[in-house]
Amino acid sequence: MPNQTRDLAISFLANRQLRLNTPFVLAPLAGYTDLPFRLLCREQGAALVFTEMVSSHGLQQAQRRTLAMLNSVAAERPVIVQLFGADPEVMAAAAAKVCALPVDGIDLNMGCPVRKVVKRGAGVALMRSSDTARAIIRAVCAASSLPVSVKFRSGWDAEQINAVAFAQMAEEAGAALLTVHGRTWAQAFGGRADWQVVAAVKQAVGVPVIGNGDIGTHAEGCQRLAASGCDAVMVGRGALGNPWLFAGRERPHNLIERLPLLHRYLELCERHLPVERVLFRIKCQVNRLLGGLPGAAQFRQQVLACPSTVDIRRCLDSLCC
Ligand SMILES: Cc1cc2nc3c(=O)[nH]c(=O)nc-3n(C[C@H](O)[C@H](O)[C@H](O)COP(=O)(O)O)c2cc1C
């Protein structure tokens with residue numbers, strides 16, 4: 001399966017097609033899927049990467065931190081920029097800005113369960129306001145020269161599973177690709193993802209569908225893909241600390257074998273992040289990349305105490321001796 005070539009035929013406007021050479025896709029993860037991590041996952045074999053969610057209001061106001069989230073380089077493509085917001089006009093204006101960038105698509109976040117997002121009618125709240133969701137998708141499609149995708153959940157709670165109707169609405173409104181996370185708002189990130197709902201969405205629409213939820217290994221991804229009939233699977237938490245998953249490999253069981261990827265990640269952070277953020281980001285990810293190793297707690301303590309990336313490099317090398 002790792003080398004299988006699949007056409008995820010996202011029907012781009014202007015007849016462009018997004019060809020994915022594996023069916024494994026990196027999820028948008030706020031606070032994690034910045035440019036260095038996306039590049040790392042692409043190098044391991046992720047076929048497509050999503051940015052973390054970007055505020056449409058932040059883009060409208062050209063906020064410095066929001067604009068920085070749009071940083072991209074050719075090597076990470078194909079990449080899809082994810083936007084969130086609840087106002088069709090603001091979302092359309094943000095999409096128009098994204099279209100000026102060398103990226104491959106725009107994703108609309110209709111699944112985020114975080115309180116401050118939902119309170120403003122954005123994220124998964126849109127699954128309870130189909131009319132607004134439809135207006136956003138239509139407005140963004142009209143303003144965008146890029147294909148538009150929508151990421152949503154199975155529904156609001158166990159009594160309100162509306163993913164199939166929502167998917168049909170999104171397709172009819174112009175979405176070229178759908179991603180379904182098989183959890184409800186009420187589940188947030190707990191419980192188990194319901195892949196029956198994911199499979200039902202795939203059956204109900206003509207556009208490509210990416211299934212998402214609880215994929216922790218490459219083998220699980222292959223099983224989900226086959227059982228759901230989805231066009232691709234999206235990996236979120238399973239990729240944190242384990243980008244090897246995209247290569248179809250098990251996470252190495254010793255530090256020496258993990259070291260090349262750790263060093264590569266440091267290099268990518270130094271190259272692509274502003275100096276003031278490098279150390280913090282590296283420490284977050286290295287913490288996870290050391291997970292599961294014998295002696296991991298001690299390794300972590302030593303890495304977290306390092307005052308610079310040079311020291312982190314030395315520390316990692318010394319831990320291998
Ligand atoms: C820390 C964290 C941040 C996330 N940020 C986003 C985000 O920015 N946009 C989004 O659509 N989903 C976001 N998600 C949801 C994931 O993309 C994914 O749908 C969810 O984690 C289920 O997949 P998994 O079981 O493979 O992790 C986030 C999840 C986590 C745990």
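The radius of gyration used here is taken over C-alpha atoms, and the value expected of a globule is 2.2 Å times the number of residues to the power 0.38. The legends below describe a predicted model.

**Figure 1. Overall fold of the predicted chain, with 13 helices and eleven strands.** For 321 residues, a compact globule would have a radius of gyration near 20 Å; the chain has 19 Å, which agrees with that expectation. The C-alpha trace extends over about 60 × 45 × 40 Å along its principal axes. Of the 321 residues, 46% are buried. Among contacts with a separation of 6 or more, 65% are made by residues 24 or more positions apart.

**Figure 2. The surroundings of the ligand, formed by 22 residues.** The closest of these residues are A27, P28, M53, G236 and R237. Sorted by class, the shell contains nine nonpolar, nine polar and four charged residues.

**Figure 3. Strand β7 (residues 105–110) and the residues on its two faces.** The strand is mostly covered, as six of its six residues are buried. G105, D107 and N109 point one way, whereas I106, L108 and M110 point the other way. Both sets are thus named here as buried residues, whichever way they point from β7.

**Figure 4. Pairing of β7 with strands β6 and β8.** Strand β6 (residues 79–84) runs parallel to β7 and is joined to it by four bridges. In this pairing, I80 has G105 of β7 as its bridge partner. Between the two strands the chain passes through helix α4 (residues 88–99), and the resulting β-α-β crossover is right-handed. Strand β8 (residues 148–155) also pairs with β7 in the parallel sense, here over five bridges. M110 has F152 of β8 as its bridge partner. G105 and M110, which take part in these bridges, are both buried, and they point opposite ways from β7.

**Figure 5. The cis peptide bond between R77 and P78.** Omega of this bond is near 5°. P78 is placed in the loop between α3 (64–68) and β6. The strand that follows this loop, β6, is the one that is joined to β7 by four bridges.

**Figure 6. Two alanine residues with positive phi, A62 and A188.** Phi of A62 is near 50°, a positive value in a residue other than glycine. A62 is found in the loop between α2 (56–60) and α3. A residue is classed as exposed if 12 or fewer other C-beta atoms lie within 10 Å of its own; A62 has 9 such neighbours and therefore counts as exposed. A188 likewise is not a glycine, and its phi is positive at about 50°. The loop that holds A188 lies between β9 (177–184) and α8 (195–204). A188 has 12 C-beta neighbours inside 10 Å, and so it counts as exposed.

**Figure 7. Strand β10 (residues 209–212), covered on both faces.** V209 and G211 lie on one side of the strand and I210 and N212 on the other, and all are buried. β9 pairs with β10 in the parallel sense over four bridges, with V180 standing opposite G211. The elements β9, α8 and β10 form a right-handed β-α-β unit. On the way from β9 to α8, the chain passes through the loop that contains A188.

**Figure 8. The step from β10 to strand β11 (residues 232–235).** The two strands run parallel and are joined by three bridges. G211 has V233 of β11 as its bridge partner; G211 is also the residue that stands opposite V180. A right-handed β-α-β unit is made by β10, helix α9 (residues 218–228) and β11.

**Figure 9. Q298 in helix α12 (residues 296–304).** Q298 counts as exposed because it has 12 C-beta neighbours inside 10 Å. A30 lies 268 residues away from Q298 along the chain, and the C-alpha atoms of these two residues are separated by 27 Å.

How values were computed:
Residues are numbered from 1 along each chain as its sequence is written. This is a predicted model: local features need pLDDT of at least 70, side-chain atom pairs count only at pLDDT 80 or more; totals for chains, interfaces and linings use all residues. A residue is buried if 20 or more other C-beta atoms lie within 10 Å of its own, exposed if 12 or fewer, and partly exposed in between; C-beta atoms are placed from the backbone. Two residues are in contact if their C-beta atoms, placed from the backbone, lie within 7 Å. A residue is near a molecule or strand if its C-beta atom, placed from the backbone, lies within 6 Å of it. Ala, Val, Leu, Ile, Met, Phe, Trp, Tyr, Cys and Pro count as nonpolar, Asp, Glu, Lys and Arg as charged, and the others, Gly among them, as polar. Two strands pair if DSSP finds at least two bridges between them. A crossover is right-handed if, with the strands pointing away from the viewer, the path from the first strand over the helix to the second runs clockwise.
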